[in-house]
Amino acid sequence: MIAWILNIRCFFPGSFKSHPQGKLFLLENDETIFFTPYPEKFTPFVKSFPLSEYKKTLKNIPDNIYFDPRFISYEDFLFLSNVKPSYSIQKQQNIKSEKEIQAIKDTFLIHCKILKKTKESLNEKFSEKDFIDKFQSYFETYKVRDFSFTPICALNENTPIIHYKKFNEQVQIPQVFLVDTGIYLESGYASDLTRTFFYRPKNSQKEEYTKVLKALISIESRIYQEPPVGELLDKESKAIISYPHGLGHGVGIEVHEPGIWLSHRGKEPLQENSVFSIEPGFYNEFYGMRLENCATLRKNEKGFDCSYSSTNCL
């Protein structure tokens with residue numbers, strides 16, 4: 001949110017973030033005070049102080065400082081308890097401008113090119129680490145700043161592990177291969193894309209994959225008369241195939257942008273021009289599969305739909 005408010009980005013190698021870390025105070029007189037571990041990096045753009053000094057600097061807190069209780073630590077909540085909680089600006093961040101939507105789409109287009117080239121370059125046998133190394137080797141060519149999260153690259157028996165984080169160096173003949181990756185370009189907007197590839201699949205795997213694909217397409221193709229509720233979309237997809245995680249999440253500067261949940265947490269209607277992932281899956285003890293696109297809720301003459309997808313590859 002700090003990156004969104006100030007429209008600045010912060011890339012540190014291996015950080016998987018494009019947003020600066022710290023505490024930002026916005027005052028009613030339009031003054032901005034930013035406390036960060038790296039004040040020297042941001043002083044040219046915003047009034048910055050060392051993070052360790054924020055309590056000392058704000059010892060005499062004016063009444064015109066507001067905070068959002070949902071996005072604050074308990075320690076800071078107690079420290080700021082003598083000022084008023086304010087409305088959340090999270091909903092404003094969730095509504096993307098046309099420039100933001102285009103930046104996200106541009107990131108996904110580059111992401112798709114890299115994924116396609118990486119897959120085409122693989123040998124008959126490869127390891128999880130081989131794939132990630134090859135994927136990352138295209139970063140300089142396509143001016144990618146970093147991953148937007150620690151990538152998931154799972155072969156065979158590792159595919160049922162939903163949040164698999166290892167990069168096994170064992171070279172294998174792939175039977176099933178799941179890859180969940182995301183990148184940042186200079187704009188600082190994240191991508192998040194998952195594909196599953198089968199090699200000589202069994203009929204049962206084809207049937208399960210088809211159900212996962214139907215669950216994805218059903219959300220992208222349906223017209224809603226009113227903006228749909230995230231929980232409703234989650235239930236609709238799970239009526240086609242059951243899986244043990246939510247259907248999706250918000251996507252923006254943060255790859256998991258707060259405020260948008262396509263799961264049991266999503267009790268409010270999605271907002272027009274919000275961007276979110278759609279990622280149904282299937283898992284058993286032997287293998288797993290997941291497909292993930294990102295879509296934008298758009299209004300047209302028929303109603304609202306999620307067909308304005310940021311991803312059309314593989």
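The second largest pocket of this predicted model encloses about 520 Å³ of space. Of the 26 residues that line this pocket, those closest to its centre are H163, H245, H249, H256 and E279. Three elements, namely α9 (230-238), β10 (248-250) and β11 (257-262), each supply at least two residues of the lining, and the largest share, 4 residues, comes from β11. The composition of the lining by residue class is set out below.

| Class of lining residue, second largest pocket | Number of residues |
|---|---|
| Nonpolar | 8 residues |
| Polar | 9 residues |
| Charged | 9 residues |

Between two of the elements that contribute to this lining, α9 and β10, runs a loop that contains P244. The residue P244 is exposed, since its relative accessible area is 61%, where exposure requires a value over 50%. Leaving aside residues up to four places away in sequence, P244 touches I162 and Y283. The contact with I162 links positions that are 82 residues apart in sequence, although the C-alpha atoms of P244 and I162 are 9.1 Å apart in space.

A separate part of the description concerns an open sheet of 3 strands, arranged in the order β5-β6-β8 with antiparallel pairing. Because β5 (152-155) and β8 (193-198) stand at the edges and each has a single partner strand, one side of each is left without a neighbour in the sheet. From one strand to the next, the twist averages 5 degrees.

The pairing of strand β6 (residues 176-181) with β8 is antiparallel and extends over 6 bridges. Within this pairing, V176 has F198 of β8 as its bridge partner, while D180 stands opposite T194 of β8. Helix α6 (residues 98-121) lies across both β6 and β8, and the helix runs at about 25 degrees to β8.

How many of the residues of β8 are buried? The count is 6 of the 6, so the strand is largely enclosed by the rest of the structure, even though β8 stands at an edge of the sheet with a single partner strand. The side chains of β8 fall into two sets, with L193, R195 and F197 pointing one way and T194, T196 and F198 the other way, and all of these residues are buried. Two members of the second set also appear in the pairing with β6, as F198 is the bridge partner of V176 and T194 stands opposite D180.

Key:
Residues numbered from 1 in each chain as written. Predicted model: local features only at pLDDT ≥ 70, side-chain atom pairs only at ≥ 80, totals over all residues. Heavy atoms only, no water. 1 Å grid on protein atoms, 1.4 Å probe; cavity = no way out; pocket = protein on both sides within 12 Å on 5 of 7 lines; lining within 4 Å. Points joined across faces, edges and corners; volume = space filled by probe spheres on them. Nonpolar A, V, L, I, M, F, W, Y, C, P; charged D, E, K, R; others polar. Pairing = 2+ DSSP bridges. Axes fitted to C-alpha atoms, helices over the stretch in contact; angles between N-to-C directions. Contact = heavy atoms within 4.5 Å. Buried < 20%, exposed > 50% of the residue type's maximum accessible area, 1.4 Å probe, protein only.
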